[in-house]
Amino acid sequence: MSPRPTLLLLIPVGWAGLWTPWLGKADLNVLLHGRDSYRPDAIDYVLSFRPPPGFLKTLPNLKTIFSVGAGVDAFLADPEFPSHVPLVRFVDPQLSTEMAQYVVLHTLLFHRNQQVFDAAQAQGKWAQQMLPRGTADTRIGILGLGEIGGIAGTRLRDLGFAVSGWSRTHKHVPGIKSYAGDEELGAFLGASDIAICLLPLTAGTRGILNAKTFATMPKGGYVINVARGGHLIEADLIAAIDSGHLAGATLDVFETEPLPEDNPLWRHPRIVVTPHIAAISDPRVAAQYVIDGIEGAERGERHEHTVDPGRGY
Ligand code: NAP
């Protein structure tokens, strides 16, 4: 009989109580980095979100690394990441649904001018009635028509918006116009009144929300960044809004998190800031995902959500 596999939790020690009740149901040795002592060569599997750079390469017998989140940029940013070890990202319908809810919520808050009514209420004023822009005339462009972008796009399509998606390869999603590749980015942005970023953070997408991108979008456009802070050049966004070209933005992710107190994004009247909460991986679901993934790996199977380190997602 083969020995029980050993899973190392490389997560903040305070999070352990959220995971161990669910992982404890499986036939695994579960160890917590920072609390338990262990020999590096005894670790078969790791579950982590933001591993300290250089750490994973010190585990010589790793069979698979599981990411707590859908994005794996923090793993691949490690110059010593052991790219021969399969890295599995978390793909979960519940997570995708919650991401889509966030995107729909903030699209509608902008589309229905809610910030105007919030400001009026704060002053005890009865705002004048204003017709929202026609829904079918409001063009939404989703950068990254993948697992999450596809669901967010179909929800917005079903609400009556004109939805397009931009990805590396063309997609066939009913009712959603597909653009692909750098050569179609300009046409896509030019037809995006609301641009929603749902791209993975890679060398090819870092800084993609920049002055040129904003200038290509129609006047009065709105930006929602729910992917990673590294996608956005913050100063370019503020300049595009202050110049009157863009109407505003909703940001859930930032280059530095928590967002420093003195960052001007906090107080900008046309920017909505949320603290990286668009969707949170549910440990109950994610623990079962890891258990299933380990069972598959032990049978020699390749996980369907194994990341391609060369592509970066
Ligand atoms: P995914 O399924 O891998 O989809 C990524 C999409 O981006 C794909 O359509 C891909 O195109 C496209 N893409 C990648 N590189 C591109 C490039 N250079 N040019 C054009 N398109 C490119 O990822 P996902 O599961 O939807 O997750 C997306 C991101 O959301 C994650 O990486 C993570 O950063 C973020 N996220 C944030 C939160 C939060 O709480 N804020 C929660 C979960 C996830 P192809 O399909 O053609 O390859």
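In this predicted model, N225 sits across from L251 of strand β11. That pair belongs to a parallel match: β10, covering residues 221-225, and β11, covering residues 246-251, run in parallel and are joined by five bridges.

Zoom out and you'll find β10 and β11 inside an open sheet of seven strands. Reading across, the order is β8-β7-β6-β9-β10-β11-β12, and the pairing is parallel. β8 (176-180) and β12 (271-273) are the edge strands, each with a partner on one side only. On average, neighbouring strands here are turned by 15° against each other, if you ignore direction.

Now for edge strand β8, where K177 is found. What does K177 touch once its neighbours within four places in sequence are set aside? The contacts are V163, S164 and G165. W166 is eleven residues from K177 along the chain, and their C-alpha atoms are 8.6 Å apart. K177 also has a side-chain link to Y179, a polar contact of 3.4 Å.

There is a second open sheet to look at, this one with five strands in the order β2-β1-β3-β4-β5, again with parallel pairing. Its edges are β2 (29-32) and β5 (87-88), and each of them pairs on one side only. Helix α1, residues 16-23, packs on this sheet and touches β1 (6-10), β2 and β3 (45-48). The direction of α1 makes about 160° with that of β1. Over at the β5 edge, strand β4 (residues 64-67) runs parallel to β5, and two bridges join them. If you want to find the spot, I65 has L87 in β5 as its bridge partner.

How is the chain divided up? The domain assignment gives domain 1 as 6-92 + 281-298, and domain 2 as 93-273. Taken over C-alpha atoms, the centres of domain 1 and domain 2 are 32 Å apart.

So much for the layout; next comes the interface. Twelve residues from domain 1 make contact with nine from domain 2. The size of an interface is often quoted as the accessible area lost when the parts come together. Here, domain 1 and domain 2 bury about 830 Å² between them, with 48% of it on carbon and sulfur atoms. Which three residues supply the most of the area that domain 1 buries against domain 2? They are D73, V91 and D92, which supply 56% of it, more than any other three residues.

On the polar side, five residue pairs are in polar contact between domain 1 and domain 2, counting pairs with both residues at pLDDT 80 or more. Two salt bridges are found across the interface as well. R50 forms a salt bridge with E257, and the closest N and O atoms are 3.8 Å apart.

E257 is worth a second look for its backbone: the peptide bond from E257 to P258 is cis, with omega near -5°. P258 lies in the loop between β11 and β12. As a rule, most peptide bonds are trans, and most residues other than glycine have a negative phi. On the phi side, N113 has a positive value near 60° and isn't a glycine. The same goes for H276, a non-glycine with a positive phi of about 50°. N113 is in the loop between α3 (93-111) and α4 (114-122), while H276 lies in the loop between β12 and α9 (283-298).

Here are those backbone angles side by side.

| Site | Backbone angle |
|---|---|
| E257 to P258 | omega near -5° |
| N113 | phi near 60° |
| H276 | phi about 50° |

Terms used: Residues are numbered from 1 along each chain as its sequence is written. This is a predicted model: local features need pLDDT of at least 70, side-chain atom pairs count only at pLDDT 80 or more; totals for chains, interfaces and linings use all residues. Side-chain values use heavy atoms; hydrogens and water are left out. Two strands pair if DSSP finds at least two bridges between them. Helices (H or I, at least four residues) and strands (E, at least two) are DSSP runs, numbered from the N terminus. Contact means heavy atoms within 4.5 Å. Axes are lines fitted to C-alpha atoms, for helices over the stretch in contact, and angles run from 0 to 180 degrees between N-to-C directions. Domain bounds come from an automatic or database domain assignment. Buried area is the accessible area (1.4 Å probe) that two parts lose on being put together, summed over both. A salt bridge is a side-chain nitrogen of Lys or Arg within 4 Å of a carboxyl oxygen of Asp or Glu. A polar contact is a pair of N or O atoms within 3.5 Å; within protein, one must be able to donate a hydrogen and the other to accept it, and residues adjacent in sequence count only if both atoms are side-chain atoms.
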